[in-house]
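Colleague: I should like to go through this model with you, beginning with its sheet and ending with the chain as a whole. Please give the reasoning before each answer.

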Amino acid sequence: MSSSSSSTSSGADAATLRHNRIVSSKLYFDIPIAKVPLIYSSSYDISFLGIEKLHPFDSSKWGRVCRFLTTEGVLDKNCIVEPLEASKDDLLVVHSESYLSSLNSSSNVASIIEVPPVAIFPNGLVQKKVLFPFRKQVGGTILAAKLAKERGWAINVGGGFHHCSSEKGGGFCAYADISLCIHFAFVRLNISRIMIVDLDAHQGNGHEMDFYHDSRVYILDMYNPGIYPFDYAARKNIDQKVEIQSGTTTDEYLRVLNEALEVAGQKFDPELVVYNAGTDILDGDPLGRLKVTPDGITARDEKVFRFAREKNAPLVMLTSGGYMKSSARVISDSIANLSKKCLIDLSISSSR
């Protein structure tokens with residue numbers, strides 16, 4: 001057998017293995033109609049002897065978003081969907097054995113999540129306190145596509161780990177939940193055109209590396225080129241690159257976004273939109289370096305939901321980055337606005 005036919009054969013074997021892992025996964029399960037397509041688990045929140053505070057990310061953000069929504073009567077906590085944890089077989093749909101094995105080293109995890117003291121802890125503790133919460137969020141992102149297809153939209157109050165690719169983690173992202181979500185949607189939802197709208201302040205280099213030369217995925221990435229990750233190789237894989245400079249204010253940001261969505265809609269007709277809705281574009285965010293107001297975030301999210309509705313495409317929203325304590329409030333206010341504008345429906349009576 002020639003080397004080319006051998007590689008073709010091994011590629012086919014890998015594709016078959018991936019397909020079999022997806023169809024046998026337990027992450028897709030039926031959700032009662034009394035639940036709303038908002039996904040969260042208390043397991044999302046990371047508490048690790050206080051050392052999680054050494055990273056600027058608010059690792060209790062996800063729980064605080066839901067508490068704001070439930071205490072203010074926007075959402076009934078009994079209607080929230082709890083996902084399952086992504087198993088090793090689920091993760092192998094995208095990740096290699098060698099990459100997953102690398103997470104058995106606490107020092108490697110410490111490097112990925114950018115909290116050096118994590119390196120000194122036993123890996124069993126790191127798995128429980130850091131990687132398990134991430135795997136639950138991955139399960140939420142994957143399930144969100146199924147729910148979005150059924151209900152028109154779904155929000156995972158977590159996920160959006162867009163710096164992680166199949167072979168490399170970084171930037172507080174240990175698993176490639178966006179890539180996994182998309183591969184599951186290809187197989188389980190019979191979807192073949194997916195648009196990623198990545199509006200986190202940082203470039204989404206992880207999914208950009210994973211979908212290099214995959215015409216089924218269209219990537220619109222609007223990011224600040226002057227901040228992490230400076231991944232110039234991944235930038236070549238962006239279908240629609242929109243670079244916004246440090247200091248960009250709300251009006252300018254929304255004007256550029258309007259133009260970008262119009263172009264994206266002309267170039268690609270998605271069957272699913274995966275929206276990475278980072279709040280690190282907020283004025284004052286130490287890492288994003290942009291100057292968008294909380295009301296600007298609300299307007300941004302509304303624009304993306306309206307775009308998906310106009311394209312008649314289900315939408316998955318992920319909360320991604322955001323490095324100020326105020327982010328949780330901003331996200332919950334935006335979700336409440338989406339409900340008020342009837343772009344999503346969080347009421348129990350109408351979901352029955």
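Colleague: How many bridges join strand 3 to strand 6?

Modeller: The model is a predicted one. Strand 6 spans residues 272-276 and runs parallel to strand 3. Within this pairing, D198 has N276 of strand 6 as its bridge partner. The number of bridges joining strand 3 to strand 6 is 5.

Colleague: Which residue of strand 4 is the bridge partner of I196?

Modeller: Strand 4 covers residues 217-223 and pairs with strand 3 in the parallel sense, over 5 bridges. D198 in this pairing stands opposite D221 of strand 4. For I196, the bridge partner in strand 4 is I219.

Colleague: Which helix makes a β-α-β unit with strand 3 and strand 4, and is the unit right-handed or left-handed?

Modeller: The two strands pair in the parallel sense. The helix that completes the unit with them comprises residues 205-210. This element is helix 8, and the β-α-β unit is right-handed.

Colleague: Are the faces of strand 3 covered or open?

Modeller: Strand 3 runs over residues 194-198, and 5 of its 5 residues are buried. On one side lie I194, I196 and D198, and on the other M195 and V197. Every one of these residues is buried, so the cut-off of under 20% relative accessible area is met on each side. Both faces of strand 3 are therefore covered.

Colleague: What is the order of the strands in the open sheet, and which strands are at its edges?

Modeller: The sheet is open, contains 7 strands and has parallel pairing. Its strand order is 1-2-7-6-3-4-5. Each edge strand pairs on one side only, and the two edge strands are strand 1 (38-39) and strand 5 (240-243).

Colleague: Which residue of strand 7 is the bridge partner of A154, and which is the bridge partner of V274?

Modeller: Strand 2 (residues 153-156) pairs with strand 7 in the parallel sense over 4 bridges. Strand 6 and strand 7 also pair in the parallel sense, over 4 bridges. A154 has V316 as its bridge partner in strand 7, and for V274 the bridge partner in strand 7 is likewise V316.

Colleague: Which helix lies in the β-α-β unit with strand 6 and strand 7?

Modeller: Strand 7 comprises residues 315-318; L315 and M317 point one way, V316 and L318 point the other way, and all are buried. The unit formed with strand 6 is right-handed, and its helix spans residues 294-310. That element is helix 11.

Colleague: Why do C164 and C173 not form a disulfide, and how many disulfides does the structure hold?

Modeller: A disulfide requires the two sulfur atoms to be within 2.5 Å. The closest cysteine sulfur to that of C164 is in C173, at 6.9 Å, which is too far for a bond. Both residues are buried, C164 at 2% relative accessibility and C173 at 4%. The number of disulfides in the structure is 0.

Colleague: Where is L92 found, and is L92 buried or exposed?

Modeller: L92 is found in the loop between helix 3 (88-91) and helix 4 (97-102). Not counting residues up to four places away in sequence, L92 touches R21, E97 and L100. Its relative accessible area is 10%, which is under the 20% cut-off, so L92 is buried.

Colleague: What is the radius of gyration of the chain, and how does this value stand against the globule rule?

Modeller: The chain has 13 helices and 7 strands. For 352 residues the globule rule gives 20 Å, and the chain comes close to that, so it is as compact as a globular protein of that length. The radius of gyration is 19 Å.

Colleague: What percentage of the residues in the chain is buried?

Modeller: The chain exposes about 14,100 Å², of which carbon and sulfur atoms supply 52%. Among contacts with a separation of 6 or more, residues 24 or more positions apart account for 75%. Of the 352 residues in the chain, the buried ones make up 59%.

Terms used:
Residues numbered from 1 in each chain as written. Predicted model: local features only at pLDDT ≥ 70, side-chain atom pairs only at ≥ 80, totals over all residues. Heavy atoms only, no water. Buried < 20%, exposed > 50% of the residue type's maximum accessible area, 1.4 Å probe, protein only. Pairing = 2+ DSSP bridges. Right-handed = clockwise from strand over helix to strand, strands pointing away. Rg over C-alpha atoms; globule rule 2.2 N^0.38 Å. Contact = heavy atoms within 4.5 Å. Areas by Shrake-Rupley, 256 points an atom, 1.4 Å probe, with all protein chains shown as cover.
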